[in-house]
Amino acid sequence: MLTEAPVDLLQSYQNGLTSYDEVLDLNGKVKPYWKALFSQLERLGMDELKIRNQEIISKLRENGVTYNVYGTPDGLNRPWQLDPIPFLIEQKEWNGIAKGLQQRAILMDLILKDLYGPRNLVKDGIIPAELVFDNTGFFRPCIDIKVPGNNQLTMYAADMSRGPDGQMWIVDNRTQAPSGSGYTLENRVVMSKLLPELAEGMYVSKLSPFFNSLQNTVLKLSDKRKDAPNIVYLTPGPNNEAYFEHAYLASYLGYTLAQGDDLLVRNGCVWLKSIDGLQKVDVIIRRIDDDWCDPLELREDSRLGVPGLLQAIRLGNVQVLNPPGTSVLENHAFHAFMGNISNYFLGEKLIMPSVATWWCGHVKELNYVLEHMDELIIKKANRKTKFRSIYGRLLTFAEKDELKKMIIQRPHEFIAQQEVSLSTTPSLINGNIEPRYAALRAFMVADESGYHVMQGGLTRSSPVKDRFVISNQYGGLSKDTWIVSDKTEDIQEKIVLTSPISVNKHVSLPSRSAENLFWIGRYCERTMAVIKFMNITINVLNLDRNFGGSAKQEHIKILLQSLTHLSSTYPGFLEEEDLMSDPYTEIIDLISNTSRPGTIAANIGAFLNAVAAVRNQWDQEIWRIVDLIDNGYHEIRNASSMHNNNIQKTLDGLFNNMFTFLGVIAESMPRDNSFLLLETGKLIERILSRISVIQSNFGVKNTPGVENELIEATLINHHLLVNYRQIYKSHLSVEAMLDMVLLEKTLPYSLVYMLDELKNNISKLPVTTRSERLNEAQKFVLKAATLVKLADVSDLSKCNVGLERRELFNLLSEVSKLISSVSVNLTNMYFSHTFMHHSFYDPMDYDTDEI
């Protein structure tokens, strides 16, 4: 039962209204469900609402929900913004809206089939020819591109806003790769966890039936002969603004996330490059704009698409949703002709009108636009022309005159839309509930019965008072959209795959993803190795604050030089005597310099890039840890302004979080190829880093006092000091230490243990050739393990001519060389056909589907 809201909060909001608001009906009365919502807000209290809002912000950041904005300092990590106050529409009203949306989707589908078919709309004078042949979204190579079934426009999204008449108007169409449904789902998940009490007394429609319909549609388009079709979710890559959504939906729907370079066309079919070899692709859900899909037939400079994709579609060997060419429908000028098109195709009036639009290519409409510019918003008809909307009333006389000349020169390129007062909705702005303009993006998918409309959508509101700025590119806020009623709905059952469980067990791992996972393991371990040894060195330095003066200690010099070898930040402490007198300057640079390869900051930056590139691999627990690592990354970049104690505290936090990252993966990640490759990368880096430390510290014999200090530092670095003391008490011996760190099979950081683990991991990876029992990588590891196991520790600890421990140095050099060869060989076997690592490239000038 709906409850009355106390006067204070609701009345205060009403007193601030200056235009039509979603809270009110046409008679100025508060709608029942909004009254119920305000009642819950009142019960919650503004202070608690602010606290919950901060929790929402934290939760979105923990979950890694971002919307990338190009050209800004935080562009690739800008957190998604969610208003805690939802957008409400009553179920009865939504049913009428859904009918209007379904009619619009049917019309869009008919237009698409006509423009790439008989073009009767042009022949019969319903639309001007310019809407086709001067349309940047019309591609002649796509004329014979078809998907099976009644509908070519499988997925469609429409942006709506409520007009002064109280009816929803369509203000924009998204047809080629609609964005936002994943963010809609995430908004619902977060709101249901952090503000569940707001829905008390009302039933909110579920979103899952929409995604079930999408899965069913995709399955029906796949190869009927296959029990387990290979479905790929095609993304431009981590630099794309909506990459979070791409990875999120791919994981949610159970599809393989891939980039263009992960696919190739061979013998008329599309194949996924995976570590198991080439796998035929049945269906592609694309999030790449039309002109970037196929560099052979469309935009030749595209590095995002798949060469030959259009021909594979023509042959019927792959289905693509939506098929390339659908961007023709995103031309703004179609709004001016939708009424005539509806009458032409359906013999019906539009159930849901478009905002009043004039195409300037007709003389009458051109004159009207020139005479009434103060009342209009001027846009380019083609979306891809990079032309920001111009509000006529905001122009000076000179600016208006210049715009008129521009329009008169090329009138067919421009449209004008009526500037109307759209409805506002309650939003939490700076701790207060205030009215803001809002628009709703609704999502549809074609199924057997027509178009299924999501029971909800992505609402966006303007953060600026009295301005219709809703795009997330320009700071718009998102809202959870509730379709509300008094009774619960019949929930569509979750989709059930018809194929046997045994068939569905295999998951394709694209080579690019495999490579990123491998390097996640390496960068994580590399960062931890440098942090661990740096902390050991700093602790030793702190015990002797006079280092560099008369009390200079030789073991500190060796540790500093070992740090340079370990991080490969040459010349570092090897050649610069000035650095020895003031080592903290170099240490700070080794921590914070993001542009210097080998530093902690550079390693973490590479780690975070690789993690983001395969974000569909991680569940929320892992992503929360990644967020903590990211926080530490931002802190250490300012290490030069931090106190020494704070630096060590931050480094300890980073080390612990990365250790936790590996621990959660070890406890939760399936023992599949993804895990094996990450673990393999980790072991390779761990072996190389420990070898580097042992070589640097003990390649040359030092005085007993110095060697005792180096032995203790090395044992700490191997997490073995406690074990050593339990066995050898206080006696420090190079021979005993080497026996433990090299040959003790039960210790996870001993060399033989790590080599055996690496050998086992590699043996479980997919076999790429059947000509040999052991591949080259396995042979290299086996040889390295054998060399270590056959070594005599007493001989290794002895000195040759002079003070060199040549046998120890040569053995470790050979093992290091063999393990480096393992890395190269794995790259050749599994990653060699990933030509370009998009995750480390700057964004291209790519016209995306803004949210």
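1. Strand β4 (residues 203–204) and β20 run antiparallel and are joined by two bridges. Across that pairing, Tyr203 stands opposite Ser485 in β20. Note that this is a predicted model, so every point here concerns a prediction.

2. β20 has further partners. Strand β19 (residues 458–461) also runs antiparallel to β20, with four bridges between them. Here Ser461 faces Leu477 of β20. Strand β1 (residues 82–90) pairs with β20 in the parallel sense, over six bridges. In that pairing, Phe87 has Thr481 of β20 as its bridge partner. As background, strands of a sheet pair through backbone hydrogen bonds, in either the parallel or the antiparallel sense.

3. How many residues of strand β20 are buried? Nine of the nine, over residues 477–485, so β20 is largely enclosed by the rest of the structure. Both faces are covered. One side carries Leu477, Lys479, Thr481, Ile483 and Ser485; the other carries Ser478, Asp480, Trp482 and Val484. Note that Lys479 and Asp480 are among the buried residues. Leu477, the partner of Ser461, is buried too.

4. Next, the open sheet. It has four strands in the order β6-β5-β10-β11, with parallel pairing. β6 and β11 (319–321) are the edge strands, each pairing on one side only. On average, neighbouring strands of this sheet are turned by 25° against each other, direction ignored. Within the sheet, β5 and strand β10 (residues 283–286) pair in the parallel sense over four bridges. Ile231 stands opposite Val283 in β10.

5. Helix α9 lies across β5 and β6. Its direction makes an angle of about 150° with β6. α9 (residues 243–253) is mostly covered, with nine of its eleven residues buried. These are Tyr243, Phe244, Glu245, His246, Ala247, Tyr248, Leu249, Ala250 and Leu253. What covers them? The cover includes helices α7 (181–194), α8 (208–221) and α19 (600–613), plus strands β5 (231–234) and β6 (256–258). After α9 comes Gly254, with a positive phi near 80°.

6. The largest nonpolar core holds 110 residues. Which of them touch the most other members? Ile520, Met534, Phe607, Trp618, Phe661, Leu738 and Ile819. Helix α15 (residues 511–543) supplies the largest share of this core, 15 residues. A second, separate core has 67 residues, including Leu272, Phe337, Met352 and Val453.

7. Phe661 deserves a look of its own. Leaving out residues up to four places away in sequence, Phe661 touches Ile520, Cys524, Phe607, Val611, Trp618, Ile622, Ile625, Val626 and Ile629. Among these contacts, Ile520, Phe607 and Trp618 are also listed with Phe661 as touching the most other core members.

8. Phe661 is one of the buried residues of helix α21. α21 (residues 644–668) has 25 residues. From first C-alpha to last, α21 reaches 36 Å, close to the 36 Å expected at 1.5 Å a residue. The other buried residues of α21 are Asn644, Ile647, Gln648, Thr650, Leu651, Leu654, Phe655, Asn657, Met658, Leu662 and Ile665. What do the buried residues of α21 pack against? Their partners are α15, α18 (583–592), α19, α20 (620–636) and α22 (673–698). Of these, α19 also appears in the cover of α9, and α15 gives the largest share of the largest core.

Key. Residues numbered from 1 in each chain as written. Predicted model: local features only at pLDDT ≥ 70, side-chain atom pairs only at ≥ 80, totals over all residues. Heavy atoms only, no water. Buried < 20%, exposed > 50% of the residue type's maximum accessible area, 1.4 Å probe, protein only. Contact = heavy atoms within 4.5 Å. Core = buried A, V, L, I, M, F, W, Y, C linked by side-chain atoms within 4.5 Å. Pairing = 2+ DSSP bridges. Expected span 1.5 Å × (residues − 1). Axes fitted to C-alpha atoms, helices over the stretch in contact; angles between N-to-C directions.
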